Amino acid sequence: QMGYDFQNKQRENFYRRLTLFVDPRYIPNPEAPPESIFADESFDGSSTSGYLKDVTYNDPLVGVDNYTAEQRVTAGFINFDVPFGSKLRGSFGLRVEHGFQDVESFALFRPDSILIAGELDNTDWLPSGNLTWSIHPTLNLRLAASQTISRPDLNELSPSPFPEYIGGYFIKGNPDLERALL
């Protein structure tokens, strides 16, 4: 058997983070309906008025919210089965994979100014082998070994903080991550 695989991902991540500050005197009940929180008297421009503050991350040391990213994986493989008599057979394969990932983080209003970049560009040879011994017509003993890789997700290469699916804690990516050979 022989085969070929090509995968391509592109991502654009644009965030604008805003925090709402409201004078607590105008919200005696935190469970009040939104129309009481956003009433005209809560936002009259005075020193005690509510306001919005832009808290978008644009600092490489703290985090950068906006990035563009690309990932390409090109691979080819070959696999063959080899009988070693009536009770033993082998399956052997090789996958050659070229992976490219590029993440460029930029300030919100300056997309041409790259603040942090993370890039991975690797070619990996990934062998596999499997021996199967037919001990009995209903029982096989198998020995297998293979090598594979694990690449970071594109958002894990960006210093943009993102929430975990479970728990909601914010995690910040790292542009210096490497792929792992397993």
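Strands here are DSSP runs of E with at least two residues, numbered from the N terminus. Keep in mind that this is a predicted model, where local features need pLDDT of at least 70, side-chain atom pairs count only at pLDDT 80 or more, and totals for chains, interfaces and linings use all residues. Residues are numbered from 1 along each chain as its sequence is written, and side-chain values use heavy atoms, with hydrogens and water left out.

**First stop: the sheet.** Select strands 1, 6, 7, 8 and 9. These five strands form an open, antiparallel sheet in the order 1-6-7-8-9 (two strands pair if DSSP finds at least two bridges between them). At the edges you will find strand 1 (2-13) and strand 9 (139-146), each pairing on one side only. On average, neighbouring strands of this sheet are turned by 15 degrees against each other, direction ignored (axes are lines fitted to C-alpha atoms).

**Second stop: one pair of strands.** Now show strand 1 with strand 6 (residues 66-83): 12 bridges join these antiparallel strands. To see one bridge, pick Asp5, whose partner in strand 6 is Ala75.

**Last stop: the largest pocket.** Select Asn155, Glu156, Phe162, Pro163 and Tyr165, which of the 15 lining residues are the closest to the centre of the largest pocket. A pocket is an open set of points on a 1 Å grid over the protein atoms alone, where a 1.4 Å probe fits, with protein on both sides within 12 Å along at least five of seven lines; lining residues have an atom within 4 Å of a point. The largest pocket holds about 280 Å³ of space, a volume filled by probe spheres set on the points. Strand 11 gives the most to its lining, with three residues.

Methods
Helices (H or I, at least four residues) and strands (E, at least two) are DSSP runs, numbered from the N terminus. Axes are lines fitted to C-alpha atoms, for helices over the stretch in contact, and angles run from 0 to 180 degrees between N-to-C directions.
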